[in-house]
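Visitor: Please take me through one part of this model in close detail. I would like to look at the largest nonpolar core.

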Amino acid sequence: MQYWINHKGVQSGPVDLDALKEMGLTSAAYVWHEGLSDWVKITQLPELQGLYEMVGEPIPEPQAVTTGTPIEEITQGTPIEETTQAQIGSPLQPQYGEEPLIDEPCPSTNLVWAIVATVLCCVPFGIVAIVYANKVTKLYKAGDLYGAKSASETSMWWTIAAIVVGVVWRPLLYTLICA
Amino acid sequence: MTRTMRRGLLLLVAIVVVLVMGVVYYALDPSSSGFFPKCAFLEFTGYKCPGCGSQRAIHALLNGDVVAAFKYNALLLISIPWIAICLYAESQRVRNPKLYLRLNSQLLIWLFLIMVLLWWVLRNIFNW
């Protein structure tokens, strides 16, 4: 199985299990492999048990529905009460969805300036800036802070290019020629 | 210079620039004055860009003629609320990251992008 790693906002992978074990990641890292709906804390992977002090519940196997019947109850002959992992829940399990993976706020998408450049400047570079603004949000939500920051910068550079090529250079040129 | 001071100065410069530009675009009509830069894209390719007509639209808007502004560049008028929302989001980026992400969602950015591209194609077909 191939694993992807997100350690302090930097993504890497895919690597196999042996390589993952040798990476010496801290318990702050998140891991994803095929079959998981979202990133999980490295401490929650059952296959890494022993390497990390387990925090929270290990994630359940896809088909496994664990039973939570205490032994005494079986000996007493009470019917087995089925409890799924989801019902037990875990207060330590991180909640995802709206919550971003990274503590730091999202780098600026620079969308305002991209829109302003698109509407006011004569070259369609602003459209490229909008595409990169979109990338900022996408990468940030995937936990890739480094990628998001670089997309943020790229977006700004396209906006600057639109302003320079579309607006600044012509009056400058006229001034130079007329002077 | 501290961060807040630099930001304040930048804001002041921005306000002054916008005010000066506002006065210029209010007083002078870009369709008759040679003072304003012409669209490089239109001159090179013969096709209108998404921003063509925005200078005339701003002049019309500042003189209170919304209908004329819409005819010059509909995208400009449609973009004004977007720009306002984005500016607000930008001011709340650090304080309210969740709101920022919601206002900068991929869906909203895609919507704007599709709108721009559609506008670009359609205005060249129908000569808007």
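Guide: This is a predicted model. Its largest nonpolar core counts 30 residues. Four of them touch the most other members: Leu111(A), Ile115(A), Ile130(A) and Phe112(B). Both chains feed this core. From chain A, helix H4 (111-120) and helix H5 (125-141) each supply at least two residues. From chain B, helix H3 (54-62), helix H4 (66-72), helix H5 (74-91) and helix H7 (106-126) each do so as well. H5(B) gives the largest share, with 7 residues.

Now zoom in on Ile115(A). Set aside its neighbours within four places in sequence. Ile115(A) is then in contact with Ser79(B), Trp82(B), Ile83(B), Cys86(B) and Phe112(B). Phe112(B) is also among the residues that touch the most other core members.

Another core lies apart from this one. That second core has 12 residues, including Tyr3(A), Val31(A), Leu36(A) and Ile42(A). In soluble globular proteins, nonpolar side chains tend to be buried together.

Step back to chain A as a whole. Chain A has 6 helices and 4 strands. From the N terminus, the order is β-β-α-β-β-α-α-α-α-α. Chain A has 179 residues, and 35% of them count as buried. Take its contacts between residues at least 6 apart in sequence: 53% join residues at least 24 apart. The accessible surface of chain A is about 10,300 Å². Carbon and sulfur atoms account for 60% of that surface.

How values were computed. Residues numbered from 1 in each chain as written. Chains lettered and ligands numbered in written order. Predicted model: local features only at pLDDT ≥ 70, side-chain atom pairs only at ≥ 80, totals over all residues. Heavy atoms only, no water. Buried < 20%, exposed > 50% of the residue type's maximum accessible area, 1.4 Å probe, protein only. Contact = heavy atoms within 4.5 Å. Areas by Shrake-Rupley, 256 points an atom, 1.4 Å probe, with all protein chains shown as cover. Core = buried A, V, L, I, M, F, W, Y, C linked by side-chain atoms within 4.5 Å.
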